[in-house]
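Thanks for sharing this one with me. Here are my notes, point by point, to read alongside the structure.

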Amino acid sequence: MEQKLRRDRKIGDNLRVLRDRHGISQEKLCEELQRRGCDIARSAYAKYENGELNVKVSIIIELKKIYGCSYDDFFAGLDVNKNE
């Protein structure tokens with residue numbers, strides 16, 4: 001069984017920022033992920049960005065390769081105390 005991230009914090013905004021920064025549509029991104037062996041539809045990816053679906057770890061790994069970024073970019077701002 002594949003590991004997934006819990007939805008207690010929203011990673012979707014960071015996914016959207018990274019995608020926008022690279023000027024790629026959800027459709028094109030999903031096509032690239034599929035070429036890399038990730039079974040992902042655009043509708044499922046949209047749910048990742050909207051925080052409606054847990055992000056598969058395999059997707060995070062491939063996105064890191066596509067964007068050439070660090071894992072910190074995916075989790076930026078998520079360690080802020082919820083009570084502040």
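**Notes on the predicted model**

1. Let me begin with confidence, since this is a predicted model. Of the elements in the protein, helix 2 has the highest mean pLDDT, at 98, while helix 5 (residues 71–75) has the lowest, at 93. Taken over the protein, the mean pLDDT is 88, and 83% of the residues reach 70 or more.

2. Helix 3 deserves a good look. Its buried residues are A44, Y45, A46, Y48 and E49. The cover over these buried residues includes helix 1 (12–21), helix 2 (26–35) and helix 4 (57–67). After helix 3 comes G51, with a positive phi near 75 degrees.

3. Within helix 3 (residues 42–49), please linger on E49. Is E49 buried or exposed? The relative accessibility of E49 is 1%, so E49 counts as buried. Leaving aside residues up to four places away in sequence, E49 touches K10, G12, D13, L15, R16, R19 and Q26.

4. One of those contacts, D13, belongs to helix 1. D13 is partly exposed, because its relative accessible area is 38%. D13 and F75 are 62 residues apart along the chain, yet their C-alpha atoms are separated by 9.8 Å.

5. Now to the charged pairs. Side chains of opposite charge can pair when their charged atoms come close. How many salt bridges does the count come to? The count comes to nine.

6. In helix 4, E62 and K65 sit three residues apart, about one turn of the helix. They form a salt bridge whose closest N and O atoms are 3.2 Å apart. The two partners differ in burial: E62 counts as buried, because its relative accessibility of 12% is under 20%, whereas K65 is exposed, with a relative accessible area of 52%. Elsewhere, salt bridges that share partners join D13, R16, R19, D20 and E49 into one network.

7. Helix 2 offers a pair with the spacing of three residues, about one turn of the helix: K28 and E31. Their side chains meet in a salt bridge at 3.8 Å, N to O. E31 is partly exposed, with a relative accessible area of 29%. As background, an α-helix has 3.6 residues a turn, so residues three or four places apart point the same way.

8. Finally, E32 and R36 form a salt bridge, with the closest N and O atoms 2.7 Å apart. E32 counts as partly exposed at 22% relative accessibility, and R36 is partly exposed too, with a relative accessible area of 36%.

Notes:
Residues numbered from 1 in each chain as written. Predicted model: local features only at pLDDT ≥ 70, side-chain atom pairs only at ≥ 80, totals over all residues. Heavy atoms only, no water. Helix = DSSP H or I, 4+ residues; strand = E, 2+ residues; numbered from the N terminus. Buried < 20%, exposed > 50% of the residue type's maximum accessible area, 1.4 Å probe, protein only. Contact = heavy atoms within 4.5 Å. pLDDT = per-residue confidence, 0-100. Salt bridge = Lys/Arg side-chain N within 4 Å of Asp/Glu carboxyl O.
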